[in-house]
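Thank you all for making time this morning. I would like to walk you through one model, so please keep the sequence and the coordinates in view while I talk.

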Amino acid sequence: MSSIRITGLATGIDTDQMIKDLMKVERAKVDRVQQDKQVLQWRQELYNSINKDFANFILNTKKEFGLSGSTSTGAIFNKSLSSLNWVKRAVSSNESAVKVSTTSEAVNGSYDVTVHRLADGVKAASSANITKDGGNSENLASQFEGLTEGDIIRFRINDKEFSFNGTDKISDVVKQINASDAGVQVSYDASIDRFFIQTTTTGENAVLKVDALYDFNPETGTGTYSDAGQKFIEALKLNVTSYDDNGNLIPEALGIETTYKGVDAKITFNGAENITKSTNQFTINGINLDLRTTGSTTVRVDTDTDAVYDKIKGFVDKYNEIVDKMGKLLGEKQYRDYRPLTAEQKEAMKEKEIELWEEKAKSGLLRNDSIISSTMQNLRNSLYNGVEGIEGPFKALYEIGIDTEKWAAGAIGGKLEIDEEKLRKAISEDVDGVLDLLFKEAGPVPAKDANGNLIPGETVEGKGGVITRMYNTMIEGMKQIVNKAGPGEESSLFRNINSKIMIDFVTNYGSISMLDKDISDIDNRISDLNALLIRKEDKYYNQFAAMEKFVQQMNNQGSWLMQQLGM
């Protein structure tokens, strides 16, 4: 199509405007298809937003329950029900001796704890100033008596070899040792001119042994200790604090080639004597003990009814928010007369008018959506159905005071309501039964016949506790949404929920969702229509050009006749 056209010279007709008006009708077809594309993109955005809500609901509630944690790299991992520390409350009568907390496995009751000895490692520190000038010199040779810049200072800590030059600094020594796997941490404080060393672990397996390396001369067949290494170690003037085989403290000057070791903690727990641990933080009978000093304490463990109730209520509140949002989307009014605006229409409108128009245009895009409807229905079913394979007294959610709201005209339905008194009573009487009902893991459960009788030796795959089933049901819905609309920008978020969401999507759909495919098909159609528009516009211009040419010929003939007639 020519970019410059001169039209209407013969007829005086505004050809450009006429063709522009004719093309408006043709371009309306493209506008309708582009509007269809915009609707699909809006629907895709809504799906992605819903999936993000589902994912954040699972991640946030799991985190608040303490059922998940994260690594230093941000990866999410699941934690067991037994690790929950908010179910039981432990109180120590003497927190200066022992600080306590609990897991859900702690048994209610009173426990007497006596700390006879704390776990400790091996420590060593300089007994006096160690350098010539308080550590202000540039290198080891100038700081320590007997060393020269040409010396190779070699020694070993716990079988890990180290080598330094006389020109190195004491900071180089600290840095290299701390970066090694010798099992010790060292430091030097120039303000007091002292060197410190201690094992990185505690207990009797924590050891410290310092050797000057043995230099072997293959020509003479003999060897000697590294003179420079021994001089450096002796110059540190280290006094070591360790323990003998009976756990008694032994302070003495550090001896080369002498092995020093730490000591285990020793306690009596509720009459069980001589319990030893390599650290001062450990768990017995579900009670986390943090030993602070020697002494006795009484630990009282009780169910923390308030904490358990608050955790469950927080979950219910967040679930009701999801139900409310999905209910509104499913029942949202659709305004069929409000189609997406074309670029030309937007130019003629104010920003607020565009915003109000698009609000109505987007309304009802997921009205009665089959994926969302089935997911929410499956979630409701997971609440109603009893839990199989649990030994506690509670088999259904209503038995602990949680039920769905009563039906009312105009109500969305599916929200949960809590009978606070009934739930608190269930928690205080059998908190393990409540937790089992809510969080039991999916897995094999005893099989039953049609009459509900157990079938000896046979099992079926149980779907787990109520909340476990809700999570799994929501994940299944998320998979369907990803297949329909793709993951958007939340691939990593979905992998943290369940890696199979993305694996199944890529395996079955090759990373192209159903809506992506529909949008791609529309793009191809728009491209074809635009090509057709160009051809039609060229056709109109050619037709008008032909008309102009014919009119011009007629004008020329008329002029000739006039001349011939002498007019």
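**A walk through the model**

I will start in strand 20, where Ile 287 is the bridge partner of Thr 102. Please bear in mind throughout that what you are looking at is a predicted model. The two strands concerned, strand 4 and strand 20, which spans residues 287–291, are joined by five bridges and run antiparallel. Strands of a sheet pair through backbone hydrogen bonds, either parallel or antiparallel.

Which residues of strand 4 are buried, and which are not? Within this strand, residues 98–102, the side chains alternate, so to speak, between two environments: Val 98, Val 100 and Thr 102 point to one face and are buried, whereas Lys 99 and Ser 101 point to the other face and are not buried. That is the pattern one expects in general, since in a regular strand the side chains alternate between the two faces of the sheet.

Let me step back for a moment to the chain as a whole. The protein chain holds 14 helices and 25 strands, and of its 567 residues, 40% are buried. If we take the contacts with a separation of 6 or more, 64% of them are between residues 24 or more positions apart.

Now to a second sheet, with the helices that lie across it. This is an open sheet of four strands in the order 8-7-11-16, with antiparallel pairing. Its edge strands are strand 8, residues 160–165, and strand 16, residues 259–261, each of which pairs on one side only. On average, and ignoring direction, neighbouring strands of this sheet are turned by 20° against each other. Between strand 7 and strand 8, which run antiparallel, there are six bridges, and Phe 155 has Phe 162 in strand 8 as its bridge partner.

Two helices lie across strands of this sheet. Helix 3 lies across strand 7 and strand 8, and runs at about 160° to strand 8, while helix 4 lies across strand 7 and strand 11, and runs at about 65° to strand 7.

Helix 4, residues 227–235, deserves a closer look, and its buried residues are Ala 228, Gly 229, Phe 232, Ile 233 and Ala 235. Because they cover an arc of only 165° around the axis, these residues sit on the same side of helix 4. What covers them includes helix 2 (140–143), strand 7 (152–157), helix 3 (170–178) and strand 11 (207–212). Just after helix 4, Lys 237 takes a positive phi of about 50°.

From helix 3, I would pick out Ile 170, which is buried, with a relative accessible area of 7%. Leaving aside residues up to four places away in sequence, Ile 170 touches Ile 130, Leu 140, Gln 143, Phe 144, Tyr 188 and Phe 195. Thr 131, in the loop between strand 6 (123–126) and helix 2, is also a buried residue, with a relative accessible area of 12%. With the same exclusion in sequence, Thr 131 touches Gln 143, Phe 144, Tyr 188 and Asp 193, and a polar contact of 3.0 Å joins the side chains of Thr 131 and Asp 193.

My last topic is the aromatic residues. How many aromatic pairs does the structure hold? There are 14 aromatic pairs, and I will describe two of them. Phe 57 and Phe 315 form a tilted pair, at 5.4 Å centre to centre and with 50° between the planes. Phe 57 belongs to helix 1, residues 15–65, and Phe 315 to helix 5, residues 305–331, so the pair ties together parts that are 258 residues apart in sequence. Phe 57 is buried at 5% relative accessible area, and Phe 315 is buried at 4%.

The other pair, Phe 65 with Phe 439, is edge-to-face, at 4.9 Å centre to centre and with 80° between the planes. This pair also links distant parts of the chain, with Phe 65 in helix 1 and Phe 439 in helix 10 (residues 431–439), 374 residues apart. Phe 65 is buried, with a relative accessible area of 2%, and Phe 439 is buried as well, at 5%. Both pairs belong to one aromatic cluster, formed by Phe 57, Phe 65, Trp 86, Phe 315, Phe 439 and Tyr 471.

How values were computed: Residues numbered from 1 in each chain as written. Predicted model: local features only at pLDDT ≥ 70, side-chain atom pairs only at ≥ 80, totals over all residues. Heavy atoms only, no water. Buried < 20%, exposed > 50% of the residue type's maximum accessible area, 1.4 Å probe, protein only. Arc of directions from axis to C-beta. Contact = heavy atoms within 4.5 Å. Pairing = 2+ DSSP bridges. Axes fitted to C-alpha atoms, helices over the stretch in contact; angles between N-to-C directions. Polar contact = N/O pair within 3.5 Å; in protein donor to acceptor, adjacent residues only side chain to side chain. Phe/Tyr/Trp six-rings, centres within 6.5 Å; stacked < 30°, edge-to-face > 60°.
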